[in-house]
Amino acid sequence: FSQTLLHTVVPPELRFAFLKLFQRLFNCFSSYCYYEITEIDGVNTNELYNAVQLYLSSSASSTTAGTTSSSNRLSLTRGLNSSAITFGLANNDRLSDVFNGVSVVWEHNVTPRQSQTFSWRPLPEEKRGFTLRINKRDQPGILEEYLEFITNKAMEIRRKNQDRLLYTNSRGGSLDSRGHPWESVPFKHPSTFDTLAMDPIKKREIMCDLRDFADGQAFYKRTGRAWKRGYLLYGPPGTGKSSMIAAMANFLGYDIYDLELTEVNTNSELRKLLMKTSSKSIIVIEDIDCSINLTNRKKSNGTGARNDSVSDTRSGSPGIPIPGDPDNNNGGNNSITLSGLLNFTDGLWSCCGSERIFVFTTNHIDKLDPALLRSGRMDMHIHMSYCSFPSLKILLKTYLGCEPGDISPDVSSDLAAVIDEAEMTPADISEVLIKNRRDNDKALRELLEVLRKKKSVNRRLRRRRLVADVEDEAEEKRALDSPKEGGGAANGGGGDDVEVNYKKSEEEDNGID
Ligand SMILES: Nc1ncnc2c1ncn2[C@@H]1O[C@H](COP(=O)(O)OP(=O)(O)OP(=O)(O)O)[C@@H](O)[C@H]1O
Ligand SMILES: [Mg+2]
């Protein structure tokens, strides 16, 4: 009505000035402030617009129950790499929100773009934006805090909606068209802490540790520590180390960077890879003992003068330069070193992002340099062990749907009696269960049989090892005593030992089997 009046009464040349005056008057008497957040800011996409859209989508989805939206028409979208559908305000719809006790109103404005002005990239046909209305008396205190809250919330929603990504550096040092050294695929591993077979107490401890880490921003800031954490997973093949990493990523909603160390040529390449990782991610180096030679940090450049206090003195392995050694400048080396790796996890560069978890896995913890194992470097050492009875119960539930009450007490106690000595990995046991998953009784029978067989094989092996050890010991004694008189007595003693141990273990075996 006002516009029609304006057009009829005011001559065209005065209209603009009149409109401005009217707006000023309106602003003087209005008790609200209005903020425009447009989709395109000049030629760039306005990140704040996307954040507001996502934030309002979470409120809008709850308005289907009719709480704050002024209409019941919502737009639905599904983004790239996302399995979730987001709700949004439809064109020119309004939504009220309350933050820290202050009410605000959002309006989504969509108007056709009038004429296609010159631009380096095609602009959308519609002009989109949000208008935020805040009461003038509330505005000074709330605005900044509210927008930061929206940005953080949007990030959280984006992470929750977006499928995890699995990155790899398997292209070697080459970069993709965007100059990125990592390649990514959607990460769809279904392993979770529910399906992971391990001691429930240990599992809860790990989950609490991860939760504390993810919620610990204030703690890490207060204590002056970099917001990162290291886990070393060790144990025989097939005990669930990789499954644990997938479960961690799914639990926290983090991406995974699977670092193939054999594809990295230099320390600086390693640093570049680190710089290109994002926050909220798990950086994984699998089978770290096989990736590079990480054993000896003794000087290798021929001088032999200096020995690092944490070095492993095993002989035979080629040396790795010592960090900070003036004779041995790592920066110029064209190979990756242990010090480079330690800087990667621990040094100043490791803090170029935040909220990151480092996970190393190995089948042979004894092969690792003590420097890697030192506390503070790998914060938690997690032993993935052979299947125990509590772990077996989880596998039976996952694969056969058997609750503990579904298994007869006899079978249950038979399984409990053999499982530890059978030393079977969860991977081996799951194979037996998968094969017989259509018939629970058959699966349990076969499992018991396999476990018993494995147990007696283990016993025989142990017995043989014991005999061999005692014989070796006796042999050594004989060699030492041979120049002296009376060596025969020592020999005789050693021989008796063998006999006694042999008999004892045979009796044990017969008794149980
Ligand atoms: N603890 C476990 N809980 C549930 N499933 C497991 C567990 N351990 C192994 N599995 C099963 O066995 C398969 C192999 O396990 P996984 O790859 O996690 O073992 P790993 O310890 O990483 O072995 P490797 O040392 O050879 O890399 C998985 O697909 C998984 O289904
Ligand atoms: Mg693995």
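## A tour from the sheet to ligand 1

Start by selecting helix H4 (residues 139-161), which lies across S1, S6, S7 and strand S8 (126-135) and runs at about 135° to S8. Helices here are DSSP runs of H or I with at least four residues and strands are E runs of at least two, numbered from the N terminus; axes are lines fitted to C-alpha atoms, for helices over the stretch in contact, with angles from 0 to 180 degrees between N-to-C directions. Contact means C-beta atoms, placed from the backbone, within 7 Å.

Before moving on: this is a predicted model, where local features need pLDDT of at least 70 and side-chain atom pairs count only at pLDDT 80 or more, while totals for chains, interfaces and linings use all residues. Residues are numbered from 1 along each chain as its sequence is written, and chains are lettered from A and ligands numbered from 1 in the order in which they are written.

Now hide H4 and look at the sheet: 4 strands, open, antiparallel, in the order S1-S8-S7-S6. Strands S1 (32-38) and S6 (94-99) are the edges, each pairing on one side only. Pairing takes at least two DSSP bridges between two strands.

Zoom in on S6 and S7 (residues 102-112), antiparallel and joined by 6 bridges. Pick Leu95, and you'll find its bridge partner in S7, Trp106.

Next, jump to ligand 1, which 16 residues surround, the closest being Pro237, Gly240, Ser242, Pro426 and Ala427 (near means a C-beta atom, placed from the backbone, within 6 Å). Colour helices H7 (241-252) and H14 (426-435): each supplies at least two residues of this shell.

Key:
Two residues are in contact if their C-beta atoms, placed from the backbone, lie within 7 Å.
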